[in-house]
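Visitor: Could you put the model up and walk me through it? I'd like to begin with a charged pair and then work outward.

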Amino acid sequence: MEERTAIRRRTYLAGAAGALAGLAGCIGGETEYRVTGASGASPADHPLSLDVAVERPSITVDSPATLSFTLRNEGDDAVAVLNTGVWPLGVLAVETETEHGPVDARLLSDRYGETDRVDVKPSGMSVSQEPLVRPIAAGDSVTEPYVLHGDGLSRTGSYRVRGKFEERILRYAAPGTDPESGDWTDFAPDVTVTLEAQSVLP
């Protein structure tokens, strides 16, 4: 089991490295990015909230930014959370509007390399649709770090966080409902990160 995990991690790192290789050309020779703001959300009509904190703000050729996401159960009862790929937040992306329409950039997690449910390649990624379901007890939270490379970023300004393959970030079974019934609620809160340009020259 440990050997298979190590092989998956090496494969994942190779794919992530391939994505990183195109970074300089995507953000220009003299400009890189910096995450200057992040905003989470606690929708009133959901028992869950999602907060984001900036752990490492600079996006350079040598290093990505790190964003830490915390999913919390604000309710009085346990909530079953469903996702694919990795639990609980799955595969995430940041999206912005351009004159040519919406453009997204994927977020990466070390946990992608620990599972065979996520396949990361320089040209893209795929995710198993096998559902992952676990509960979050009332008042409990789960925190996961994700990194943001410069490849795929097209501009400065505000980006919203979404699922990479779905608008929603996850699904959950509202308290009092049976997860086995398939009665799931989409969770797509308004979570944003803000990028500014920074010069790579001293």
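Guide: Let us begin with Arg 111 and Glu 144, whose side chains meet in a salt bridge at 3.2 Å, N to O (a salt bridge being a side-chain nitrogen of Lys or Arg within 4 Å of a carboxyl oxygen of Asp or Glu). The pair links distant parts of the chain, 33 residues apart, with Arg 111 in the loop between E7 and strand E8 (118-121) and Glu 144 in strand E11 (residues 141-148). Helices (H or I, at least four residues) and strands (E, at least two) are DSSP runs, numbered from the N terminus.

Visitor: Before I trust that, what kind of model is this?

Guide: This is a predicted model, in which local features need pLDDT of at least 70 and side-chain atom pairs count only at pLDDT 80 or more, while totals for chains, interfaces and linings use all residues. Residues are numbered from 1 along each chain as its sequence is written, and side-chain values use heavy atoms, with hydrogens and water left out.

Visitor: Okay. Is Glu 144 buried or exposed?

Guide: Glu 144 is buried, because its relative accessible area is 13%, and buried means under 20%, exposed over 50% and partly exposed in between (1.4 Å probe, protein chains only). Its partner Arg 111 counts as partly exposed, at 23% relative accessibility.

Visitor: And what is Glu 144 in contact with, leaving aside its neighbours within four places in sequence?

Guide: With those neighbours set aside, Glu 144 is in contact (heavy atoms within 4.5 Å) with Leu 67, Ser 68, Phe 69, Trp 87, Pro 88, Leu 89 and Arg 111.

Visitor: How many salt bridges does the structure hold?

Guide: The structure holds eleven. One of them joins the side chains of Asp 104 and Lys 164 at 2.6 Å, N to O, and this pair spans 60 residues, from Asp 104 in strand E7 (residues 101-106) to Lys 164 in the loop between strand E12 (157-163) and strand E13 (170-173). Asp 104 counts as partly exposed at 29% relative accessibility, and Lys 164 counts as partly exposed at 22%.

Visitor: Which residues are linked in a network of salt bridges?

Guide: Glu 95, Arg 160, Arg 162 and Glu 167 are linked in such a network.

Visitor: Switching to strands: in what order do the four strands of the open sheet come?

Guide: The order is E10-E5-E13-E14, with antiparallel pairing; two strands pair if DSSP finds at least two bridges between them. Strand E10 (132-136) and strand E14 (185-187) stand at the edges, each with a single partner strand, so one side of each is left without a neighbour in the sheet.

Visitor: How many bridges join E5 to E10?

Guide: Five bridges join strand E5 (residues 79-83) to E10, the two running antiparallel, and Val 79 has Ile 136 as its bridge partner in E10.

Visitor: What about E13 and E14, is there a charged pair there too?

Guide: Arg 171 forms a salt bridge with Asp 186, the closest N and O atoms being 2.9 Å apart. Arg 171 lies in strand E13 and Asp 186 in strand E14, 15 residues apart. Arg 171 is partly exposed, with a relative accessible area of 29%, and Asp 186 is partly exposed as well, at 38%.

Visitor: Last one, what does the chain look like overall?

Guide: There are two helices and 15 strands in the chain, and of its 202 residues 43% count as buried. Among contacts between residues at least 6 apart in sequence, 73% join residues at least 24 apart.
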